[in-house]
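Please open the model in your viewer and keep the sequence panel beside it. The tour below moves from one selection to the next and says what is found at each stop.

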Amino acid sequence: VDVVGGKAASLAELNTIPGIKVPEAFVVTTSLYDQILKQNPEIRERVKALDEMSSAWLKAKLVGNNEEAEVWDGQVTATGKMIKEIMEKVSLPGLTENEIINNYDELCRKVGEENMAVAVRSSGISEDSKDNSFAGQYDTYLHRQGKEEVIESIKNCLASQYTHRAI
């Protein structure tokens, strides 16, 4: 679950049960996010700042300082928007992008359809657990066809963790 998230892990487990049909798929692991942060110090620094702002917002909310919380909320939203915009434009590490393209090509071959339409969905490592439910916070991209759309949708899905709703 820490590498592929709960949704992907559950689907993989279902796939092992005889008689249960699970659509063909491939999963991009959490290492992609780690690689993006490693290669983009600007994003890494903004994420760190966002974490600090979020903590300040929460502290203000907990002590009932609504004016201060509102200021922090604006800063959190603006910083999240900046991170999201940068992440949507980031270049994926070459090896990882090639792996995604190869997996998409293999998926198309398995199904027997060139440039088949796929869904790109999040499977957050803490999206759903016994203690938290964050399902539906990240963006989903349906009917993505071709390598370019799949790559673009993966970046957008990853970046959607910085929308106001997800933060």
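## First stop: a lysine and its partner

Begin by selecting Lys110, which is exposed, with a relative accessible area of 53%. This is a predicted model, and the values in this tour are to be read with that in mind. Now add Glu24 to the selection: its side chain and that of Lys110 meet in a salt bridge, with 3.5 Å from N to O. Glu24 lies in the loop between α1 and α2, whereas Lys110 belongs to helix α5 (residues 94-111), so the pair ties together parts that are 86 residues apart in sequence. Glu24, for its part, counts as partly exposed, at 46% relative accessibility.

## Stepping back to the whole chain

Clear the selection and colour the protein by secondary structure, which comes to 6 helices and 2 strands. Followed from the N terminus, the elements run α-α-α-α-α-β-β-α. The C-alpha trace spans about 60 × 35 × 25 Å along its principal axes. Of the 167 residues in the protein, 32% are buried, and the accessible surface comes to about 10700 Å², with 51% of that surface belonging to carbon and sulfur atoms. If you display contacts with a separation of 6 or more, 67% of them are accounted for by residues 24 or more positions apart.

## A nonpolar patch

Next, select Leu11, Leu14, Ile17 and Ile20 and show the surface, where these residues make a nonpolar patch of about 310 Å². Leu11 has its place in helix α1, which covers residues 5-14, and Leu11 is partly exposed, with a relative accessible area of 41%.

## Along helix α3

Move on to residues 41-62, which form helix α3; its 22 residues reach 32 Å from the first C-alpha to the last, close to the 32 Å expected at 1.5 Å a residue. Which residues of α3 are buried? Select Ile43, Val47, Leu50, Met53, Ala56 and Ala60 to see them. An α-helix has 3.6 residues a turn, so residues three or four places apart point the same way. The buried residues of α3 pack against α2 (31-39) and α4 (66-89), and it is worth showing both helices alongside the selection.

Within α3, also pick out Glu42 and Arg46, which form a salt bridge with their closest N and O atoms 3.2 Å apart. Both residues lie in this helix, 4 residues apart, or about one turn. Glu42 counts as partly exposed at 44% relative accessibility, and Arg46 is partly exposed as well, with a relative accessible area of 26%. Just after α3, centre the view on Gly64, which takes a positive phi of about 80°.

## A salt bridge towards the C terminus

Select Asp139 and Arg165, whose side chains meet in a salt bridge at 2.5 Å from N to O. Asp139 lies in the loop between β1 (117-120) and β2 (141-145), while Arg165 is in the segment after α6 (147-159), so this pair ties together parts that are 26 residues apart in sequence. Is Asp139 buried or exposed? Asp139 is buried, with a relative accessible area of 18%, whereas Arg165 is partly exposed, at 45%. A search of the whole structure finds 7 salt bridges, and the pairs visited on this tour are among them.

## Ser153 and its surroundings

Now select Ser153, which is found in helix α6 and is buried, with a relative accessible area of 2%. Leaving aside its neighbours within four places in sequence, Ser153 is in contact with Val120, Tyr141 and Arg144, which can be shown as sticks around it. For a distance across the model, draw a line from the C-alpha atom of Ser153 to that of Ile100: the two residues are 53 residues apart along the chain, and these atoms are separated by 12 Å.

## Last stop: the cysteines

Finish by selecting Cys108 and Cys157. How many disulfides does the structure hold? It holds 0. The sulfur of Cys108 has its closest cysteine sulfur in Cys157, 18 Å away, and that is too far for a bond; a pair of cysteine sulfur atoms would have to be within 2.5 Å to be taken as a disulfide. Cys108 is buried, with a relative accessible area of 8%, and Cys157 also counts as buried, at 8% relative accessibility.

Note on methods: Residues are numbered from 1 along each chain as its sequence is written. This is a predicted model: local features need pLDDT of at least 70, side-chain atom pairs count only at pLDDT 80 or more; totals for chains, interfaces and linings use all residues. Side-chain values use heavy atoms; hydrogens and water are left out. Buried means under 20% relative accessible area, exposed over 50%, partly exposed in between (1.4 Å probe, protein chains only). Patches are made of residues with over 30% relative accessible area and no salt bridge: like charges are joined within 9 Å, nonpolar side chains (Val, Leu, Ile, Met, Phe, Trp, Tyr) within 5 Å. Accessible areas come from the Shrake-Rupley method with a 1.4 Å probe; for residues, only the protein chains shown count as cover. A salt bridge is a side-chain nitrogen of Lys or Arg within 4 Å of a carboxyl oxygen of Asp or Glu. The expected span of a helix is 1.5 Å times one less than its number of residues. Contact means heavy atoms within 4.5 Å.
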